[in-house]
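Reader: I have this model open at my bench and would like a close look at one part of it, a single sheet and what packs around it. Could you walk me through that part, strand by strand?

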Amino acid sequence: MSALGKVVRSGVGRKRVQTVVIGLAAAMAVTASVLAGSLLVASSAPFDRAFAEQSGPHVTAQFDAGATTAADLEASKTAAGVTAAAGPFPVTSASPELDDGPKLPPMTVVGRADTGGPVDAVALVEGTWVTGPGQVVLSADFRMPDQVGRTLRFPALPGAPELRVVGVARSISRTADLWVWPSQVAALTPPDTAGGFQVLYRFASAATTEQVDASTAAAVPAQGLSGTRTWIAARQDAVKESALFVPFLVAFGALGLVMSVLIVGNVVAGAVASGLRRIGVLKALGFTPGQVVRAYVAQALLPAGVGAAFGVVAGNLLAIPVLAETSEVYGTTVSPVAPWVDVAVVAGTLGVVAVTAWASAWRAGRLRTVDALAVGRTPGVGRGRWAARLTSGLPLPRPVGLGLAHPFTRPARALAMLAAIVFGTTAVTFAVGLAASLSDVQDARDHTTDVVIGADRPGPDRGLPASLDVAAVNAAIAAQPGTLAHFSTSRREVTVAAFSGSTTLIAFDGDTSPGDYRMIAGEWFDAPGEAVVPSPFLGATGTRIGDTVTLDDRGELVTVRIVGEVFDLQNDGMQVFTDAATLTNPVVSNFGIAVRPGTDVTTYLDGLNAALRPLGVTARAGQAGFSDMLLTIVALTTFLTLLLIAVAGLGVLNGVVLDTRDRVHDLGVHKALGMTPGQTIAMVLASVAVVGVVGGGLGVPLGVALHDAVLPAMGRSAGTGLPASSFAVYGPTTVVLLAFGGLVIAVLGALLPAGWAARTRTATALRTE
Amino acid sequence: MTTPLIELHAVSREYGEGPPALDRVSFSVRPGEAVAVLGPSGSGKSTLLNLVAGLDRPSAGTVTVDGVRVDGLGEAASARYRRAKIGMVFQFFNLLDDLTVADNVVLPAQLAGMDRAEARARAADLLGKLGVDRHARAYPGRLSGGERQRVAVARALMNRPALLLADEPTGALDTASGEDVSALLTELNAEGQTVVVVTHDLALARRCTTRTISLVDGRIADDVSAEPAR
């Protein structure tokens with residue numbers, strides 16, 4: 001073996017802690033970067049990627065089976081401009097009930113014998129595909145837990161068929177809500193209808209709405225055509241739902257990448273710098289600066305290479321659940337880690353290692369040999385003495401005072417640790433704030449009240465009796481003990497002048513506070529003729545707060561003045577909320593009731609329903625909207641945060657390891673003078689306390705700033721503003737606890753080397769040069 | 001008969017496969033004695049000092065100092081033992097460069113939890129007694145070798161130890177400073193301080209101790225009491 005090889009081998013072998021730390025840092029950096037890179041890739045046009053993977057249809061066409069034949073539709077698949085087509089699949093619409101009672105809205109049921117085909121290659125998320133009648137596969141977009149194994153009932157259909165859920169699948173184009181065996185469709189088709197067919201087309205020209213329209217006109221038979229849905233509309237729907245989370249995941253991915261580069265750079269630079277004395281010895285033996293550089297680059301690359309290999313495996317394994325959750329959030333299919341991400345991350349990490357090692361070793365290699373030998377292990381003379389003087393006068397246990405002064409003797413190393421802690425605290429602050437904000441957004445978008453009569457929430461029309469005595473119902477509610485506040489709503493579909501498309505007008509009567517509508521700007525209406533609208537309405541109609549809009553209710557014009565921007569995502573935000581007195585003859589579709597704190601809702605309902613029975617309506621407990629999306633986001637956030645904390649902790653660990661090695665002789669002196677292991681641990685932990693506190697102090701405002709920058713971006717992506725309550729998630733207690741998090745990261749990172757320091761044998765430490 | 005301050009009984013210390021660094025060594029030291037442990041490099045002098053100071057544990061045998069069985073102490077207990085019973089002086093002083101002279105001296109008392117004002121007063125007293133009080137606010141790097149060793153002695157005496165252990169205390173000093181330090185040790189012993197000096201310097205042993213124990217290959221070759229050359 002050459003002299004250089006021996007130097008590298010002995011350097012790697014003798015400095016085992018350093019070698020392990022470099023390997024660990026590289027492994028964690030690669031793991032975090034593979035995850036971060038995959039998140040960035042997954043967050044880049046998630047619909048387009050999944051659409052291409054599934055060969056999604058440019059047009060999903062539905063035909064009336066009574067007006068066309070399967071043979072005619074089969075022929076259309078080879079029409080000019082059609083590059084691929086699937087179907088005709090039998091299709092119908094049905095309203096099932098779940099086995100535990102809840103009635104589901106009308107669903108599109110498609111008969112498909114398999115998931116594949118040239119168009120709309122549906123991805124099975126869970127379970128199996130249907131293999132015969134009596135089975136059903138649910139669309140993953142329903143986001144219900146534990147779906148497989150449940151039963152869907154169709155009590156309104158002849159024979160009340162029941163289907164067992166055997167799987168969950170996702171079509172990025174949302175071509176169906178339920179997939180069944182083709183022959184099953186007939187049994188799910190209402191007897192008075194002929195049913196239908198679904199054909200999925202891909203065209204040679206479909207990049208724009210105009211091209212899709214032209215291709216559709218040229219290829220899709222007009223006879224029996226009952227409706228089409230273009231890929232552009234599907235894309236808009238998908239993007240609208242997933243866009244909220246893209247900035248969040250991009251921010252996390254970017255944080256992960258930056259931290260990885262920072263920590264690897266720090267670890268390697270620190271490792272090389274701690275070997276200055278050895279470099280001096282090598283030069284004294286005749287090694288040239290070039291040989292020194294090569295030796296140290298190789299010494300860093302060997303463990304980093306091994307660490308990167310482990311990291312890429314770990315990253316790919318961890319990416320499986322993370323990307324699965326991400327695909328759940330985006331409503332897309334799960335993709336494995338792109339090979340180029342693995343290659344780029346490994347190459348990038350090793351590149352950072354090589355460049356950092358090269359730069360540090362080059363600097364060391366150019367030092368005069370005598371200087372390298374002299375400065376190798378001793379801190380700069382006089383550096384940080386002021387801190388030692390200051391802490392010796394503090395009323396603290398002496399080991400704590402000694403530790404507190406340590407960072408000031410090696411400021412560069414302390415800064416590196418500080419950077420790691422700042423990033424870690426920033427990530428934690430960002431994650432905690434975002435989870436709280438998303439939870440608040442979830443609360444703010446759900447207007448379900450404690451008790452409802454009619455629809456679950458304002459808006460949908462679930463058909464209260466037209467002859468309902470509204471005043472009597474209100475009186476019964478008001479008289480019921482336990483009632484805190486209540487309102488009724490009526491709903492109309494209206495159009496807005498100069499804007500195509502329908503808008504829902506919801507008029508409130510009573511105390512609207514149980515609906516928990518949160519304002520983004522302006523005020524909630526408090527007089528007839530005033531209205532509040534969600535952000536998408538303002539955007540779509542080009543209106544602003546203070547403007548007056550005229551709503552056309554089938555010829556009856558209603559003019560309202562917009563006094564506020566409210567957070568609401570129902571009906572795509574195309575809603576207008578106003579006072580019932582604004583309308584003439586409002587028809588009530590829903591009552592919302594809030595009960596007093598401590599009221600038992602079941603008892604309340606029993607009493608209220610006894611009073612309502614003569615009026616022909618029944619009250620029930622409000623069913624808050626369930627969002628496993630939120631759970632997914634929180635799980636993803638928690639996982640990513642823990643990973644970033646671990647990377648930050650590793651940065652601290654590296655710094656403390658280097659510091660402990662540098663101070664091992666002093667440590668021996670302390671122990672010889674009677675410092676106990678407990679005092680040694682206290683001294684080492686105190687040495688990172690200042691850095692931890694300062695890091696926490698800097699990281700929290702940075703995390704809050706990142707949160708405040710990303711949250712509006714998330715809202716903008718989703719086309720809505722967000723209520724002020726979603727931003728005000730950092731209370732004083734939270735801030736203090738988060739700032740304390742910096743200290744926790746520092747202490748966690750220092751715990752291991754503190755233990756080593758405590759166990760170091762005094763006699764050995766005293767002999768160390 | 002006076003109870004021995006130090007008592008070693010059949011103490012051996014082995015490292016790996018090689019011959020033992022100490023081989024069944026037994027001796028005792030009475031309070032107030034000044035003992036020199038002599039021997040060439042590798043004879044086991046430092047091992048012996050480490051065992052008495054509780055820095056290392058014997059492979060066999062017992063070490064008792066001032067009634068404490070040192071050989072069975074854990075890390076924390078041996079640290080407490082050192083700060084209560086032992087003062088150590090090293091060849092290369094082992095002063096902490098980041099701390100002032102006064103802070104170096106006061107450190108053992110602070111580790112032992114002594115009252116702050118009391119510790120400062122005692123440190124000032126010791127520095128005055130040893131003639132280095134004018135350097136109290138200076139850093140060790142600015143002192144001569146002899147001055148540094150005086151500071152180290154002051155630090156060693158801070159907790160009023162029963163036993164002062166000195167490992168080659170003049171090894172890093174010029175002749176004048178060496179004589180100065182040996183005179184200091186003699187003076188301390190004359191005041192009743194028990195002193196054990198590990199050295200290969202016969203002249204130092206003669207100057208400041210009343211008894212010499214010679215070690216060869218880990219065994220006691222000679223144990224001679226004599227009047228010190230004063």
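Author: Happy to. Let's start where strand 9 (residues 211-216) of chain B lies antiparallel to strand 10 of chain B, the two being joined by six bridges. Helices (H or I, at least four residues) and strands (E, at least two) are DSSP runs, numbered from the N terminus, and two strands pair if DSSP finds at least two bridges between them. Before we go further, a word on the source: this is a predicted model, in which local features need pLDDT of at least 70 and side-chain atom pairs count only at pLDDT 80 or more, while totals for chains, interfaces and linings use all residues. Residues are numbered from 1 along each chain as its sequence is written, chains are lettered from A and ligands numbered from 1 in the order in which they are written, and side-chain values use heavy atoms, with hydrogens and water left out.

Back to the two strands. B:T212 has B:V224 of strand 10 as its bridge partner, and B:L215 is bridged to B:I220 of strand 10. Two residues lie between the strands of this hairpin, where B:D217 takes a positive phi near 50°.

Now the whole sheet. These two strands belong to an open sheet of six strands in chain B, ordered 6-7-8-3-9-10, with mixed pairing. Strand 6 (86-89) and strand 10 (219-225) of chain B form the edges; each has a single partner strand, so one side of each is left without a neighbour in the sheet. On average, neighbouring strands here are turned by 15° against each other, direction ignored. For such angles, axes are lines fitted to C-alpha atoms, for helices over the stretch in contact, and angles run from 0 to 180 degrees between N-to-C directions.

Helix 1 (residues 45-53) of chain B packs on this sheet, touching strand 3 (34-38), strand 6, strand 7 (163-167), strand 8 (194-199) and strand 9 of chain B. Contact here means heavy atoms within 4.5 Å. The direction of helix 1 makes about 150° with that of strand 7 of chain B. Helix 5 (residues 145-157) of chain B packs on the sheet too, touching strand 6 and strand 7 of chain B, and its direction makes about 170° with that of strand 6 of chain B.

Helix 1 of chain B deserves a pause. Eight of its nine residues are buried, so helix 1 is largely enclosed by the rest of the structure. Buried means under 20% relative accessible area, exposed over 50%, partly exposed in between (1.4 Å probe, protein chains only). The buried residues of helix 1 are B:K45, B:T47, B:L48, B:L49, B:N50, B:L51, B:V52 and B:A53. Just after the helix, B:G54 takes a positive phi of about 75°.

Helix 1 also meets another sheet of chain B. This one is open, has four strands in the order 2-1-4-5, and pairs them antiparallel. Strand 2 (22-29) and strand 5 (68-69) of chain B are its edge strands, each pairing on one side only. Strand 1 (residues 6-13) and strand 2 of chain B run antiparallel and share five bridges, with B:I6 opposite B:V29 in strand 2. Helix 1 of chain B packs on this sheet by touching strand 1, strand 2 and strand 4 (60-65) of chain B, and its direction makes about 125° with that of strand 1 of chain B.

Elsewhere in chain B, two helices pack on each other. Two packed helices are described by the angle between their axes and the distance between the axes. For helix 3 (residues 101-111) and helix 4 (residues 116-129) of chain B, the axes come within 9 Å and cross at roughly 125°. Helix 3 and helix 4 of chain B are therefore oblique to each other; angles under 35 degrees count as roughly parallel, over 145 as roughly antiparallel, 65 to 115 as roughly perpendicular and the rest as oblique. From helix 3 of chain B, B:V101, B:A102, B:D103, B:V105, B:V106, B:A109 and B:Q110 meet B:A119, B:R120, B:A123 and B:L127 in helix 4 of chain B. These contact residues divide into eight nonpolar, one polar and two charged, where Ala, Val, Leu, Ile, Met, Phe, Trp, Tyr, Cys and Pro count as nonpolar, Asp, Glu, Lys and Arg as charged, and the others, Gly among them, as polar.

Finally, the setting: chain B has seven helices and 10 strands, and 56% of its 230 residues are buried.
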